[in-house]
Amino acid sequence: MLASAQVETTLLVLKLAFLVLLYLFIWRIVRSAARDLRLPQESMILAPQQAAAAGLLAQPAGRELGRLVVLDSPAVDGGTVYTLDAHALTMGRGSNNDVPLPTDEYASTRHARFEPRRDGIWIEDIGSTNGTFVNGIRLTRERKLAPGDVVRIGETDLRFEP
Amino acid sequence: MGARALSLSYRNRELVYLAVVGVLTGIGFASVYIARQSEVSWGSLGYAIFFFALYVAAHLVARYTVPQADPYLLPMAGLLAAVGVTEIYRLGASDAFKQGLWIVIGVALFALALLRLRRDYRVLEQLKYVFGVSAIVLLFLPRVPGLGTTVNGARLWVHVGSFQFQPGEFSKIFLIVFLAGYLREKREALAQARPKDVGPLLVIWGACMLVLASSNDLGSGLLYFGIFLAMLYVATGRLSFVVVGMVLFVVGGGVAYEKISHVHERVTIWLHPWTTDKVFCPQTGGPALRQDCQSYQLVKSLYSIANGGFGGAGLGKGTFTTTDGRQLIPFVNSDFIYSALAQELGLVGAAALLLVFMLFVARGMKVALQADDGFSKLLAAGLTFGFALQTFIIVGGVLRIIPLTGITLPFVSYGGSSVVANFLLLAGLLLVSNRANSSS
């Protein structure tokens, strides 16, 4: 086959241009990715305890991020205060919860979970039978708590205060 | 990070990178075209302009729907798809036309997914069981008499009229959505490994494995197994699950090697592709050297990669046909596209392609890290891991690092279902990324 010198030269130039541009493209993206790596990263799905242990949470574990005041409950005295820190807090009838509600008949064994995040305290129903309510509205997904929100777990009412 | 880097918004940066991809496509096509015609011309420029226009359309939809999403994912996917279609064009113009059409459909569905789910894609979480069951149904479809067809010993295709597709590619994405929803809900219970919670997971996963094993689709089997383990690990953080899974895999693989002739054959081809004496050849029924029979495809692909050397033959100048015009490597544009690219782009170019794959994975994992809620994290991690593992399985197979199992190279290989499914995967990652970046 007769391949002219012009064709060969053009192909060589194109090949070099292709490779150079391809590597330029890659280099630019690597550079931006490397920049991201230097920023502090949040963990994947680590338990907050693990994350705190690894020093990934901004707040020290002991700092208070909010509190829950018991308004009315068959299980604990009204006015009892639970402080929320960098650890997640679970509530339910079972004794292995952070806050057990042993005599609340309407609470499930593992009922709800309060989780500290960058932007505040979030509440999540963890498979309760009767549901978790915030200001009377049943939770269908996790939700961020606002100051003054009233949370109902079984027959226990708690007010969230920052 | 200087002010200059911040001055471009995410979407503007995306557009700049897409322009680079457009130029790369132009150079690639021109090179193939000039090598084919043996004269310098700009006749192929139309193709590059067409692809650039298509990507700009995708970009505009992204600008409207996911303004805060990662700016590099779309250009990288676009680059891979463009390199793929360039090489497919070089191997055969008619297939490239079809592939181009599939990319158009893929981009259209990508846009549709972004538009439908732009407000809150987490509605998918409520539909997790629908996705789980659909994943199994899709895997079963090729086995329905009258619908399915067998290609190369694996029953993976569905024919409806003249339209055909491989449901397994979509099944993979559905399974990831199901796993993300299910694991998000049950991860705390799963970490304690209670049978009640592990049950449904094992049922869906077991069903997938059974269908895949019975249809001889080993590559997908490996892929599903890996995705399942990885997502379980991300959800629970328990390394013991991964260890148990790996042990099960080794035991299962050992049993399959002993009992299933198809698996045994694959391993033999992998370990001993060349023989000096003639061995039994199942295809012809007579004796032949293994490199002329069972491992013909793999060996020819290795020669193809070796022929590329360091700098490659150049796009359009590789050797893929014998002197009498027969194709050297069967299925070179789907399963073996990597060896075709490695020959024409050389070690330098093939390494660059793998780097693009790695960067895509790195960006995907970053999206998972940034996401706020469990479902989004799991979804992004699952989609990214699936993409990474699929790339490893096929490239590893072609390079003889692991036994070869037929599966497509994401975005690059010829195959409509694969291209469309991967654009949907991209849409998923952009949606998660957009949400993560807008909330913080």
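Let us start inside chain B, where L426(B) touches L73(B), L74(B), A77(B) and F110(B), leaving aside residues up to four places away in sequence. Touching here means contact: the C-beta atoms of two residues, placed from the backbone, lie within 7 Å. L426(B) also belongs to the largest nonpolar core, which has 140 residues; L426(B) is listed there among those with the most contacts inside it, together with L179(B), I227(B), M231(B), L378(B) and L430(B). A nonpolar core is a set of buried Ala, Val, Leu, Ile, Met, Phe, Trp, Tyr and Cys residues joined through C-beta atoms within 7 Å. A residue is buried if 20 or more other C-beta atoms lie within 10 Å of its own, exposed if 12 or fewer, and partly exposed in between, with C-beta atoms placed from the backbone. A second, separate core of 16 residues includes L89(A), M91(A), F114(A) and I153(A).

Before going on, a word about what you are looking at. This is a predicted model, in which local features need pLDDT of at least 70 and side-chain atom pairs count only at pLDDT 80 or more, while totals for chains, interfaces and linings use all residues. Residues are numbered from 1 along each chain as its sequence is written, and chains are lettered from A and ligands numbered from 1 in the order in which they are written.

Now turn to chain A. It has two helices and eleven strands, and along the sequence both helices come before the strands, in the pattern α-α-β-β-β-β-β-β-β-β-β-β-β. Helices (H or I, at least four residues) and strands (E, at least two) are DSSP runs, numbered from the N terminus. Of the 162 residues in chain A, 25% are buried.

Five of the strands make an open sheet with mixed pairing, in the order β4-β3-β5-β6-β9 (chain A). Because β4 (99–100) and β9 (143–144) of chain A each have a single partner strand, they stand at the edges, and one side of each is left without a neighbour in the sheet. Strands count as paired if DSSP finds at least two bridges between them. Two bridges join β3 (residues 89–92) of chain A to β4(A), and these strands run parallel; there, G92(A) has P100(A) as its bridge partner.

Follow chain A further and you reach β10 (residues 150–153), which is joined by three bridges to β7 (residues 132–134) of chain A in the antiparallel sense. Here V134(A) stands opposite V151(A). On to β11 (residues 156–161) of chain A: β10(A) pairs with it over four bridges, again antiparallel, and R152(A) faces D157(A) across the pair. β10(A) and β11(A) form a hairpin with two residues between them, and G154(A) in the turn has a positive phi of about 60 degrees.

Where do the two chains meet? The contact takes 37 residues from chain B and 27 residues from chain A. On the chain B side, α14(B) gives the largest share, eleven residues. By class, that side has 23 nonpolar, seven polar and seven charged residues.

Finally, consider confidence. The mean pLDDT of chain B, the predictor's confidence in each residue from 0 to 100, is 86. Among the elements of chain B, helix α1 (residues 3–7) has the lowest mean pLDDT (44) and α15(B) the highest (94). Where pLDDT is low, the predicted coordinates should not be read in detail.

Notes: Nonpolar A, V, L, I, M, F, W, Y, C, P; charged D, E, K, R; others polar.
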